[in-house]
Amino acid sequence: MPATQTQKPVSWSGDHDRFLATILDTVGSLVLVLDREGRIVLFNRECERVSGYTFAELEGRHVWDVLLLPEDVARVKEVFGRLRAGESNAYDNVWVTKDGRRREIAWQNTILGDERGDVQFVVPTGVDVTERRVAERKLRETEARLAEAAKLEAIGRLAGGVAHDFNNLLVVILSQADAVLDALPPADPLRDDVEEIGQAARKAAALTQQLLAFGRRRAVRHVQLDLNAAVEDVSKILVRLVGEDVRISTRLAPDLGGVLADFGGVQQVLLNLVVNARDAMPSGGTVTIETENLDLEPASADEGLPAGRFVALCVTDTGAGMSAEVRKHLFEPFFTTKGEGCGTGLGLATVFGIVKQASGHVLVESEPGAGARFRILLPRHDARPEGPPASAPASTHRSGAGRSVLVVEDDPAVLRVAARALEADGYRVLATADPERALREVAEGRTRFDLVVTDVAMPRLGGKELAAEIHRATPRIPIVFMTGHADERLLREGLLAEGVILVRKPFEPAALLQAVSRALASDPGAARRAS
């Protein structure tokens, strides 16, 4: 236990005024006395400590001439007038100390009158609440950031859940549109209408992928990456994208560190930010893309950022800028300031999702009429960075003549699409919506299947569990998984591992055939890694 400190008693000499002054100087509150005109007639030691002034420096001066902010003077005079009229009020104001610092003071006021009841003195008693108020503001800001993050996370989860059912519908629309198109003669006037259906479905599929990117549930491959190489690789596309009225300028740090990120995701971030900048400059302007190394000190935590070493990717425009209210909703999906039909409101939501998926941060600086600056901060990794990933060679299509395929999919429409595509390519297909029937077909062995195509999410028995059961009976049979689910689930189930053949919904028949061909051509054991 700490040692007890002996406190010396205040000496009492019988001097009443000195005794009261000693008490005022030993209390922990600020105590001052003002006359009817607001002049200081008493100023205790705590007031001296907080303000930096001595009583001798302030005696007889009006309190608002020395200690207050100019913008507070009128309000304090108005409060003082009410106090002098006999009202007792509590209020807060800011004192400016002798060395120019600001201290927030919470006051309680007492009025002293003469025997006729006329007010003679006002006695404000105050507490310095500066540190407490700063902590309260930081707490409110943190709560607001957490609430915003929770809201965006909830929307992201909703996006991932909706994507599965929506992608199943798009599989059917795309497949049927292609089938009708193949059946129509080249000169048939309906071909344009059917092609429009297909294009609309592909746009819907792209929107779904943007939603998944926003929700951080899109397929990514995080590699050691050079952001300068990513900028240079996409710069030609950006120049064509913005048109002749917008100039693109780059300032790339020559000693830039590497980051762990998805190359396609970084390109998507750049494309979305530059398109957003172009739309903010309808009469033309300049977009500047910069990279730099950035070391953040612990003080950066006030902005919601951790201390550490980052690589910054900045996109600045000379456009119309944004108000604080617009910035507040900037990364919400479907929020847009553009006119009807001029945007989906998913561009910046996608940026947010991709950056967060790479453990990064997005900062926005903008004022109306002053353009906008987006700063993407990604953790720095000092290993040798890679440039753009090499393009994978296109798989060659192989006919399915003489091969048997078991297709398992609980959505009847998607099941028909998959079976029809495989049959059209020469495969013998047994299609079922019941995973348990699929297991019986394999176990009974009446048909020797060369390959299994299965959906990932099915009632009673999921695709991964079905694959494991099938491999117990037929260890070497390759399996192709179909999914419209978010990557969060696929990663958890091991379906994003190397060697797993995965077809993402919505797919077109050619994509399914290509995946089946790859699975049959590969080492059959590779497809078992998911189980």
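This passage looks at a five-stranded sheet and the helices packed around it, in a predicted model.

The sheet is open, and its strands line up in the order β14-β13-β15-β16-β17, with parallel pairing. The edges are taken by β14 and β17 (501–504); each has a single partner strand, so one side of each is left without a neighbour in the sheet. On average, neighbouring strands are turned by 20° against each other, direction ignored.

Now for the pairings at the two ends of that order. Strand β13 (residues 404–408) runs parallel to β14 (residues 428–432), and the pair is held over five bridges, with V408 opposite T432 of β14. To get from β13 to β14 the chain goes through α12, giving a right-handed β-α-β crossover. Over at the other end, β16 (residues 479–483) and β17 are also paired in the parallel sense, over four bridges, and here M482 sits opposite V503 of β17.

As for the helices on the sheet, α12 lies across β13, β14 and β16 and runs at about 175° to β14. Helix α13 (residues 435–444) packs on the sheet too, touching β13 and β14, with its direction at about 140° to that of β14.

Helix α12 (residues 412–424) also packs against another helix, α16 (residues 509–521), at an angle of about 65° and with the axes 10 Å apart. That angle falls in the 65 to 115 degree range, so α12 and α16 count as roughly perpendicular. Their crossing is right-handed. On the α12 side the contact uses A418, A421 and L422, and on the α16 side P509, L512, L513 and V516. By class, the contact residues come out as seven nonpolar, no polar and no charged.

Note on methods: Residues are numbered from 1 along each chain as its sequence is written. This is a predicted model: local features need pLDDT of at least 70, side-chain atom pairs count only at pLDDT 80 or more; totals for chains, interfaces and linings use all residues. Side-chain values use heavy atoms; hydrogens and water are left out. Axes are lines fitted to C-alpha atoms, for helices over the stretch in contact, and angles run from 0 to 180 degrees between N-to-C directions. Helices (H or I, at least four residues) and strands (E, at least two) are DSSP runs, numbered from the N terminus. Angles under 35 degrees count as roughly parallel, over 145 as roughly antiparallel, 65 to 115 as roughly perpendicular and the rest as oblique. A crossing is left-handed if the near helix is turned anticlockwise from the far one by less than a right angle, and right-handed if clockwise. Contact means heavy atoms within 4.5 Å. Ala, Val, Leu, Ile, Met, Phe, Trp, Tyr, Cys and Pro count as nonpolar, Asp, Glu, Lys and Arg as charged, and the others, Gly among them, as polar. Two strands pair if DSSP finds at least two bridges between them. A crossover is right-handed if, with the strands pointing away from the viewer, the path from the first strand over the helix to the second runs clockwise.
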